[in-house]
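Here is a short report on one protein model. Look at the fold first, then at the charges and the surface.

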Amino acid sequence: VDIVDQKRVVVDGPESVTGVRRHMLPVKRLSLTDLCAKIPRGAREKTLRLALEKDEVMTKWSQTAWAKKIAAKEKRASMTDFERFKLMVARKNRAKEVKSV
């Protein structure tokens, strides 16, 4: 949203859309993407939210490989013990089918 100095910037989600609060972050910890929304410097949360909705940034983000990888990781982390067991059995069965062909 804004530049503090050469090494720090202010970023904002907004929290209601992305879960990221407005905070200061070092530039070296940022990862840039090709997705962008046209906003003025120092924009408020409402302005940012409306720009994200207008440019459909969140839907474009959810279609990227990076977002899909994060979603898969979260899904695996939230699996129960029995779901992990079923996944293991399904993988074994798939490997057996591939091996037999």
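The report covers the sheet, the salt bridges and two surface patches.

**The sheet**

This is a predicted model. Near the start of the numbering, look for an open sheet of 3 strands. Their order is 1-2-3, and the pairing is antiparallel. Strand 1 (2–3) and strand 3 (23–26) are the edge strands, as each pairs on one side only. Strand 2 covers residues 8–11. With strand 3, strand 2 pairs in the antiparallel sense over 4 bridges. One contact to find on screen is V11, whose bridge partner in strand 3 is H23. In general, strands of a sheet pair through backbone hydrogen bonds, and the sense can be parallel or antiparallel.

**Salt bridges**

How many salt bridges does the count give? It comes to 6. Three of them are among the entries below.

| Salt bridge | Closest N to O distance |
|---|---|
| D5 and R8 | 2.9 Å |
| R22 and D12 | 3.2 Å |
| R84 and D81 | 3.9 Å |

Take R22 and D12, which meet through their side chains in a salt bridge. This pair links distant parts of the chain, 10 residues apart. R22 sits in the loop between helix 1 (15–18) and strand 3. D12 sits in the loop between strand 2 and helix 1. Are these two residues buried or exposed? D12 has 13% relative accessibility, so D12 counts as buried, the limit being under 20%. R22 is at 41% and therefore counts as partly exposed.

Now D5 and R8, joined by a salt bridge at 2.9 Å. D5 is partly exposed, with a relative accessible area of 33%. R8 is partly exposed too, with a value of 34%.

The R84 and D81 salt bridge lies within helix 5. Why are these two separated by about one helical turn? Because they are 3 residues apart in that helix. R84 is partly exposed, with a relative accessible area of 42%. D81 reaches 58%, so D81 is exposed, the limit being over 50%.

**The positive patch**

Which residues form the positive surface patch? They are K69, K73, R76, R91 and R94. Helix 4 (65–77) and helix 5 (81–100) each supply at least two of the patch residues. Helix 4 gives the most, with 3 residues. R76 has its place in helix 4. At 49% relative accessibility, R76 counts as partly exposed, because exposed requires over 50%.

**The nonpolar patch**

A nonpolar patch also lies on the surface, formed by F82, F85, M88 and V89. Together these residues have about 370 Å² of accessible area. F82 is placed in helix 5. With 53% relative accessibility, F82 counts as exposed.

**A90 as a marker**

A90 has its place in helix 5 as well. At 44% relative accessibility, A90 counts as partly exposed. How far apart are A90 and G42 in space? The distance is 51 Å, C-alpha to C-alpha. In sequence, the two are 48 residues apart.

**Recap**

The open sheet has 3 strands in antiparallel pairing. Helix 5 holds the R84 and D81 pair, and F82 of the nonpolar patch is also in helix 5. Helix 5 also supplies at least two residues of the positive patch.

Conventions: Residues are numbered from 1 along each chain as its sequence is written. This is a predicted model: local features need pLDDT of at least 70, side-chain atom pairs count only at pLDDT 80 or more; totals for chains, interfaces and linings use all residues. Side-chain values use heavy atoms; hydrogens and water are left out. Patches are made of residues with over 30% relative accessible area and no salt bridge: like charges are joined within 9 Å, nonpolar side chains (Val, Leu, Ile, Met, Phe, Trp, Tyr) within 5 Å. Accessible areas come from the Shrake-Rupley method with a 1.4 Å probe; for residues, only the protein chains shown count as cover. A salt bridge is a side-chain nitrogen of Lys or Arg within 4 Å of a carboxyl oxygen of Asp or Glu. Lys and Arg count as positive and Asp and Glu as negative; His and the chain ends are not counted. The place of a charge is taken as NZ of Lys, CZ of Arg, CG of Asp or CD of Glu. Buried means under 20% relative accessible area, exposed over 50%, partly exposed in between (1.4 Å probe, protein chains only). Two strands pair if DSSP finds at least two bridges between them.
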